[in-house]
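User: Hi! Could you walk me through a structure I just opened?

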There are 2 protein chains.
Amino acid sequence: MTGQVRTVDGRVAGRRGQATRQKLLDCLSEMLSSSPYRDVKVIDVARKAGTSPATFYQYFPDVEGAVLEIAEQVATEGAALTELLEGRSWTGKAGWQTAQELVDGFLEFWRKNDAILRVVDLGAAEGDKRFYKLRMKILNSVNNSLADAVAELQAKGRVDKDVNPAAIAGSLVAMLAAVASHQKGFSSWGVKQAELKPNLALLVHLGVTGRKPTK
Amino acid sequence: MTGQVRTVDGRVAGRRGQATRQKLLDCLSEMLSSSPYRDVKVIDVARKAGTSPATFYQYFPDVEGAVLEIAEQVATEGAALTELLEGRSWTGKAGWQTAQELVDGFLEFWRKNDAILRVVDLGAAEGDKRFYKLRMKILNSVNNSLADAVAELQAKGRVDKDVNPAAIAGSLVAMLAAVASHQKGFSSWGVKQAELKPNLALLVHLGVTGRKPTK
DNA sequence: TCGGTAAGCTGACGTCATGACAGGACAAGT
DNA sequence: ACTTGTCCTGTCATGACGTCAGCTTACCGA
């Protein structure tokens, strides 16, 4: 399934080559964290990796191509987010805890990968299919689980019929992602990190179940 | 208050100059809509405006500087969003209508300015103070009004005391903005525009009042 | 009508990133 | 040591960046 790693001109990459390739990806990751996406240049990434620009172009068509690669790796890690929701209950006190843990886990994941996720978000918003497929892939696990939870409650008659589970789930996930991206904005608004989380959890709980949590 | 428009080298811009300046801004706006931010070059903007790159640099330090200018204009328009909430009620059927109209108005505003707002969002997420101040300025009207609404209901005892109005308002606004940016993502998820809005309104209503709307 | 002055624009230039190629360096097997 | 295929880089043409001096245009007072 995982096709061999190949250079742009078709050669298969060996041990050493893969190492350089990965080093370039790592350096690019770092650069994305420390400077605006618009200003990340191939030459800087190459310098940081202790190699030449030509080497970069041997492995990636351009910066965007390398970013997609990193995002792919993040997407794989992101699959683990399902565990935050797998087999959880949304009723009673357990429901409140589920919401809290989801918020916690999600924000943590976003914080750890904020630089790359920012770029994916931008690409997706700009309408680039590759990026928004990737964004879907990353958010899929959480999104599906949430939608399932809503649909299940709906089947039991505990949530109104005219609610669209996918729309609710998607909106909640978008909210989590957006808030995670702009945490600094909140703090300059007078809302502290610690205060933010329970309020987010409240919104998630309300959205999924339609009711206030019992704490 | 509104300082005169000046060129980079300090001259005051006259009628003709302001026209060129505005033309450059308009062309930049268009370019942002049609190509990725990363690929927008000064030379293209200048060409599109029927002028030379040097002229661009007479009015703006770089692309980013010009973007800030456009965003400033959008922020001014954004102040009108307050009207969506000014003097509205959040109780009974009126509450449901308030939520619907807010969602409608907000999405429309975002749709009309999506290109520039995307860039502002990116800049803010990257931690650039100028951008996230601008983002706050744009969202302030809605955010404050929402926070006030929550605080008011809270004072009446209709919302729990441990809710932080600013956090709730900020999260809801972030959600609206994020969903607006990624509407295409939803449709490829099987959620239609028309279905999305009422579900968003539901979430807003739930968030503000803590209760399901009466329709 | 006629300069004078400031605004407005651009050609040209040095600098730097891009992306391609050909060829040298290197490791591994024989 | 020799061959083979991988891996890296020097070099180059191209084109964007950002600056400057200098030309053109518009305005204004005499």
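Analyst: Happy to; we can go through the contacts with the DNA and then the contacts between the protein chains.
Analyst: This is a predicted model, in which local features need pLDDT of at least 70, side-chain atom pairs count only at pLDDT 80 or more, and totals for chains, interfaces and linings use all residues. Residues are numbered from 1 along each chain as its sequence is written, chains are lettered from A and ligands numbered from 1 in the order in which they are written, and side-chain values use heavy atoms, with hydrogens and water left out.

User: Great. How many residues surround DNA strand C?
Analyst: There are 18, and the closest are Arg11(B), Gly14(B), Thr20(B), Thr51(B) and Gln58(B). A residue is near a strand here if one of its heavy atoms lies within 4 Å of it. Of the atoms of DNA strand C that come within 4 Å of the protein, 69% are sugar and phosphate.

User: Which polar side-chain atom lies 2.9 Å from a phosphate oxygen of that strand, DNA strand C?
Analyst: That one belongs to Tyr59(B). Backbone atoms take part too: a polar backbone atom of Ile43(A) is 3.2 Å from a phosphate oxygen of DNA strand C, and for a backbone N or O atom of Ser52(B) the distance is 3.1 Å.

User: And which elements give two or more residues to the surface near DNA strand C?
Analyst: In chain A they are helix H2 (42-48) and helix H3 (53-59), and in chain B helix H1 (15-34) and helix H3 (53-59). Helices are DSSP runs of H or I with at least four residues, numbered from the N terminus. H3(B) gives the most, with 4 residues.

User: What about DNA strand D, which residues are closest there?
Analyst: Gly14(A), Thr20(A), Thr51(A), Gln58(A) and Tyr57(B), out of 20 residues that surround DNA strand D. A polar side-chain atom of Tyr57(B) lies 2.7 Å from a phosphate oxygen of the strand. On the backbone side, Ser52(A) has a polar atom 3.3 Å from a phosphate oxygen of DNA strand D, and Val42(B) has one at 3.4 Å.

User: How do the residues of the surface near DNA strand D divide by class?
Analyst: They are 8 nonpolar, 7 polar and 5 charged. In this scheme Ala, Val, Leu, Ile, Met, Phe, Trp, Tyr, Cys and Pro count as nonpolar, Asp, Glu, Lys and Arg as charged, and the others, Gly among them, as polar.

User: Switching topic: how much area do chain A and chain B bury between them?
Analyst: About 4,700 Å², with 63% of it on carbon and sulfur atoms. Buried area is the accessible area (1.4 Å probe) that two parts lose on being put together, summed over both. In chain A, Arg38(A), His182(A) and Trp189(A) lose the most area to chain B, together 17% of what that side buries. Counting contacts (heavy atoms within 4.5 Å), 52 residues of chain A meet 52 residues of chain B.

User: How many salt bridges does the rule find across that interface of chain A and chain B?
Analyst: It finds 4, taking a salt bridge as a side-chain nitrogen of Lys or Arg within 4 Å of a carboxyl oxygen of Asp or Glu. The side chains of Asp160(B) and Lys212(A) form a salt bridge, at 3.9 Å from N to O.

User: Last one: which helix gives the largest share of the side of chain A that touches chain B?
Analyst: H8(A), with 11 residues.

Methods. Polar contact = N/O pair within 3.5 Å; in protein donor to acceptor, adjacent residues only side chain to side chain.
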